[in-house]
Amino acid sequence: MFEQASAIVQVILDHGKLRLPDILLHLGAYEPKTVTLYTQTIYKLVSTSYLKPATVLSHVSPRDKRIQYEAEEKAKIVGFPTAREIREAKEVAVARLRREEEEAEQVGLKRKAKETAGHRPSKRKMVEEEENVVELIVKAAKERYNADAALVLQAALKLTESTQKSVSEVRSDPISVASIGLQFSEHNLSSGLVFSSKKTTNSACVKDYLGMLSAADNPTPAGRAGSFVSFSSSKVQVEFEIIVRRLRRRVIESVTRERHGAEGVRLLRLLLNTGKMDEKQVSKVAMMAAKDSRPLLAALAADSLISTQEVPKSADRNPTRTFYLWYVDLNKAYSVILGNLYKTLYNIRMRRRAEMEASDVRAVLEKRERSDVSQDESLLSRLERDILKEWEMRQKRLTVLEMRVEETMFILKDLRLVGIDDD
């Protein structure tokens with residue numbers, strides 16, 4: 001079936017949107033057995049999210065539809081809308097858009113809506129993205145708790161691989177605690193926990209770790225925002241949206257800490273948690289002097305990490321009679337950070353090219369490509385070996401730096417599919 005799937009994807013990539021009879025015509029499938037095989041393969045490709053059925057909504061930008069629905073919902077609000085009413089209008093618009101996509105795709109080959117309209121990722125890219133997401137989630141759990149907690153979370157993610165084709169949903173499919181415990185029949189999980197009794201079963205350890213990962217000891221909104229899974233009635237679900245929001249927030253906090261120190265992170269977290277505040281409120285709640293918070297707020301705004309909202313007292317918008325509220329525009333901050341990451345990635349690659357084009361390094365590399373030297377590097381002089389070793393060390397450092405930048409870019413760009421809005 002792999003050859004048939006590859007041929008189908010190639011035909012669609014070459015010709016664009018096609019109906020099933022047209023696909024079979026391009027493939028030259030005329031015999032009943034061949035037609036049946038290709039039809040089953042197309043159904044499998046659609047059901048596993050490698051292909052997306054084209055609907056009427058495929059020709060309209062989802063963002064335009066969402067903006068239109070938001071405007072319709074806001075028009076129903078009487079008077080000046082509050083922040084809560086605006087947020088509810090956005091949620092209703094998103095739910096309406098998703099419902100329309102699901103209903104439109106019920107025609108013909110049925111599939112649950114998991115990809116944005118017009119997006120057909122390749123199999124290799126989807127597998128790589130899934131692996132990257134799993135690694136990031138497991139790494140975050142290991143950094144916060146311990147290695148055994150990360151193993152429990154990894155086992156839960158592994159059990160949903162067959163049914164969870166994409167992490168662009170809010171949470172994974174539910175799985176039982178017993179099925180997670182069966183994954184550790186030969187591994188002792190008690191080393192990462194402290195028990196009063198020496199004999200403890202793995203099932204009890206799994207339940208304790210799931211309680212930690214679900215923040216069962218902190219049933220508050222803050223605890224919920226720090227959870228990895230939801231655990232109730234012996235069923236477990238991995239909360240993709242909560243995890244990804246936290247990963248993206250950790251990126252902006254790390255950038256703020258690097259540029260403005262711990263005080264900058266304090267102000268950023270304050271504005272993220274409380275919303276819009278004026279300068280006096282920020283100084284009072286953050287317990288900082290106005291002479292210290294004012295330049296720090298200006299520096300954060302210069303880096304686009306925070307923004308200002310003008311609230312004029314009069315219609316002439318006189319600056320002396322205007323309130324200036326500070327808040328965090330996450331979409332703007334993420335886009336600015338992503339742009340800086342692109343520049344950093346470009347500089348890394350230019351630095352790698354410059355290192356290779358250095359006269360001494362290029363001479364040694366050209367000599368090493370000779371057939372006799374490639375088989376026996378002892379023909380190189382000691383100075384040439386030292387130059388080559390130093391160049392390889394610099395290349396490894398640049399590779400590590402490039403991998404870190406690309407990981408951060410993956411969190412900000414590709415994981416934006418999870419959760420349409422971050423505000």
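# Reading a predicted model, one feature at a time

Q: I see that E384 is buried, with a relative accessible area of 18%. Which cut-off puts a residue in the buried class?

A: First, keep in mind that this is a predicted model. Buried means under 20% relative accessible area, and E384 comes in at 18%, so E384 counts as buried.

Q: Which residue does the side chain of E384 meet in a salt bridge?

A: Its partner is K367, and the N to O distance is 3.1 Å. Look at where the two sit: E384 is in helix α17 (residues 382-413) and K367 is in helix α15 (residues 359-368), so this pair ties together parts that are 17 residues apart in sequence. K367 is partly exposed, with a relative accessible area of 23%.

Q: How many salt bridges does the structure hold?

A: There are 24 of them. One joins R250 to E143, again at 3.1 Å from N to O. R250 belongs to helix α11 (residues 240-274) and E143 to helix α6 (residues 123-144), so here the linked parts are 107 residues apart in sequence. R250 is partly exposed, at 39% relative accessibility. Some salt bridges join up into a network, as with R349, R352, E402 and E406.

Q: Let's move to strands. How do I read a sheet, and what is the strand order in the open sheet of three strands?

A: The general idea is that strands of a sheet pair through backbone hydrogen bonds, either parallel or antiparallel. In this sheet the order is β1-β3-β2, and the pairing is antiparallel. That leaves β1 (175-176) and β2 (229-232) as the edge strands, each pairing on one side only.

Q: Over how many bridges do β2 and β3 pair?

A: Four bridges link β2 to β3 (residues 235-238). You can trace partners by eye: F231 is matched with V236, and V229 with V238. On the other pairing, β1 and β3 share two bridges, with S176 standing opposite K235.

Q: How many residues lie between β2 and β3 in their hairpin?

A: Two residues sit between them. Check the turn for S233, which has a positive phi of about 50 degrees. As background, most residues other than glycine have a negative phi.

Q: Where else can I find a positive phi in a residue other than glycine?

A: Try S304, with phi near 65 degrees. S304 is in the loop between α13 (290-302) and β5 (307-312), and this residue is buried, with a relative accessible area of 16%. Then there's R317, whose phi is near 55 degrees. R317 lies in the loop between β5 and β6 and is partly exposed, at 48% relative accessibility.

Q: Back to β3. Which of its side chains point to the buried face?

A: In a regular strand the side chains alternate between the two faces of the sheet. Along β3, V236 and V238 point to one face and are buried, while K235 and Q237 point to the other and are not.

Q: Which helix lies across β1, β2 and β3?

A: That's α7 (residues 147-159), which runs at about 90 degrees to β3. At the start of this helix, a side-chain oxygen of N146 reaches to within 3.2 Å of the backbone nitrogen of D148.

Q: What span should the 13 residues of α7 have?

A: At 1.5 Å a residue you'd expect 18 Å, and the end C-alpha atoms are 19 Å apart, which agrees.

Q: Which residues of α7 are buried?

A: An α-helix has 3.6 residues a turn, so residues three or four places apart point the same way. The buried residues of α7 are D148, A149, A150, V152, L153, A155, A156 and L157.

Q: One last spot: is T322 buried or exposed?

A: T322 is buried, with a relative accessible area of 13%. You'll find T322 in strand β6 (residues 322-327). A polar atom of the T322 side chain lies 2.6 Å from the backbone oxygen of N318. Leaving aside residues up to four places away in sequence, T322 touches E310, V311, P312, K313 and R317.

Q: Which residue does R321 meet in a salt bridge?

A: R321 meets D316, at 2.6 Å from N to O. R321 is partly exposed, at 35% relative accessibility, and D316 is partly exposed too, at 49%.

Terms used
Residues are numbered from 1 along each chain as its sequence is written. This is a predicted model: local features need pLDDT of at least 70, side-chain atom pairs count only at pLDDT 80 or more; totals for chains, interfaces and linings use all residues. Side-chain values use heavy atoms; hydrogens and water are left out. Two strands pair if DSSP finds at least two bridges between them. Contact means heavy atoms within 4.5 Å. Axes are lines fitted to C-alpha atoms, for helices over the stretch in contact, and angles run from 0 to 180 degrees between N-to-C directions. Buried means under 20% relative accessible area, exposed over 50%, partly exposed in between (1.4 Å probe, protein chains only). A polar contact is a pair of N or O atoms within 3.5 Å; within protein, one must be able to donate a hydrogen and the other to accept it, and residues adjacent in sequence count only if both atoms are side-chain atoms. A salt bridge is a side-chain nitrogen of Lys or Arg within 4 Å of a carboxyl oxygen of Asp or Glu. The expected span of a helix is 1.5 Å times one less than its number of residues.
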